[in-house]
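Hello,

I am passing a structure on to you, and I hope you enjoy looking through it. Please open it below, and then read on for my notes.

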Amino acid sequence: MPANGVCSVGLEVIEDNAATYASGSDSAGVSEDEDVQQLFVNGTHRVTSVSLPKKSADTRGKLSQLGDEGKSSVSEKRYASLPNREQHQQFLTEFLTEVLNSAVFNATDRANKVLNWVDPEELKRTLDLAIKDEPDTHEKLLELTRATIRHSVKTGHPYFMNQLFSSVDPYGFAGQVLTDALNPSVYTFEVSPVFVLMEEVVLREMRSIVGYPNGEGDGIFAPGGSMANGYAISCARHKFMPDIKVGAIRKDSNYRVGFENKSAYGKINSKWGQFSSVQW
């Protein structure tokens, strides 16, 4: 981090080089050098055909150099669910710079507040959270980003003390940005080869920690503690009642008895007791 305490994400203007770089339209098999028609969704949720303006190396990423007709096309193209270097690179650069400075570094500085408290009604008037028919500009989105960070609790702050929170891990943050960018679905090797292998490594390490020899076995990730309790109850029930998978839970079924400490987290009895055929 530089001495002035401000982090900046560099913006590199990429020269046209089809052999090295590809934008969203390139990857979709559409040449950027041709005057083609693209389909985009406008603010009224109708699909319209937009003629893309010609692009050159000296105008890429510079909206101010486009004419009125080009700006109109850009306005509609900007909000399509397709990354476009010309329209999104500058915005994402400024967004990430703001997040790094305000949400990562300044948010964990002891000299700053854990929270800039504002009463609910005043916060409603301060933040523009209305759902509109027309999209907001990039500058408005950046303004909302700053406001969101300013009025949010800084859970990584040294003075923030609460359960289930810890400071921002720089490498975990980098990993989350990468996974969000790739947006993988980790269910088969074909659609997510790297993350499937990564998942196996993590599961093996977790099994080793809890005592499985050489980490051998199987495993599944749970979205939270309560769901993990449900998985555990299901596995325990299957061990003692293996026929439950091919039979059914009937009123005259032989119930097993489970015990829950009064200090247990997750409310096992109230959440899972009625579904597990286990009496608590």
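Here is what was found, from the overall fold to a pocket, a histidine and some charged pairs.

Please keep in mind that this is a predicted model.

**The chain as a whole**

The protein chain contains nine helices and four strands. If you walk along the sequence, these elements come in the pattern α-β-β-α-α-α-α-α-α-α-β-α-β. The chain has 280 residues, and 25% of them are buried. Of the contacts with a separation of 6 or more, 50% are between residues 24 or more positions apart.

**The second largest pocket**

A good place to look next is the second largest pocket, with a volume of about 400 Å³. Its lining is made up of 14 residues, and Arg207, Tyr212, Asp218, Gly219 and Ile220 are the ones that lie nearest the centre. Two elements, α7 (193-209) and α8 (225-240), give two or more residues each to this lining. Which of them supplies the largest share? That is α8, with four residues.

By class, the lining has 11 nonpolar residues, one polar residue and two charged residues. The second largest pocket also draws on two domains: at least three lining residues come from domain 2 (184-221), and at least three from domain 3 (222-279).

**Histidine 157**

You may also like to find histidine 157, in the loop between α5 (138-150) and α6 (170-182). Is this residue buried or exposed? Histidine 157 has a relative accessibility of 3%, so it counts as buried, the cut-off being under 20%. Which residues does histidine 157 touch, leaving aside its neighbours within four places in sequence? Its contacts are Ala107, Thr108, Asp109, Arg110, Asn112, Lys113 and Val114.

**Salt bridges**

Side chains of opposite charge can pair when their charged atoms come close. In this model the count of such salt bridges comes to seven, and a few of them are worth a visit.

One joins arginine 146 to glutamate 98, with the closest N and O atoms 3.4 Å apart. This pair links distant parts of the chain, since arginine 146 sits in helix α5 and glutamate 98 in helix α3 (residues 85-105), 48 residues apart. Arginine 146 has 31% relative accessibility and therefore counts as partly exposed.

Another salt bridge is formed by aspartate 136 and lysine 132, whose closest N and O atoms are 3.3 Å apart. Lysine 132 is partly exposed, because its relative accessible area is 36%. Both residues belong to a network of salt bridges that links Asp128, Lys132, Asp136 and Lys140.

Then there is the salt bridge between the side chains of glutamate 216 and arginine 204, at 3.1 Å from N to O. Glutamate 216 is in the loop between α7 and α8, while arginine 204 is in helix α7, so the pair ties together parts that are 12 residues apart in sequence. Glutamate 216 has a relative accessible area of 47% and is therefore partly exposed. Arginine 204, at 36% relative accessibility, also counts as partly exposed.

Happy exploring, and best wishes!

How values were computed: Residues are numbered from 1 along each chain as its sequence is written. This is a predicted model: local features need pLDDT of at least 70, side-chain atom pairs count only at pLDDT 80 or more; totals for chains, interfaces and linings use all residues. Side-chain values use heavy atoms; hydrogens and water are left out. Buried means under 20% relative accessible area, exposed over 50%, partly exposed in between (1.4 Å probe, protein chains only). Contact means heavy atoms within 4.5 Å. On a 1 Å grid over the protein atoms alone, a cavity is a set of points where a 1.4 Å probe fits but cannot get out, and a pocket is an open set with protein on both sides within 12 Å along at least five of seven lines; lining residues have an atom within 4 Å of a point. Grid points are joined across faces, edges and corners, and a volume is the space filled by probe spheres set on the points. Ala, Val, Leu, Ile, Met, Phe, Trp, Tyr, Cys and Pro count as nonpolar, Asp, Glu, Lys and Arg as charged, and the others, Gly among them, as polar. Domain bounds come from an automatic or database domain assignment. A salt bridge is a side-chain nitrogen of Lys or Arg within 4 Å of a carboxyl oxygen of Asp or Glu.
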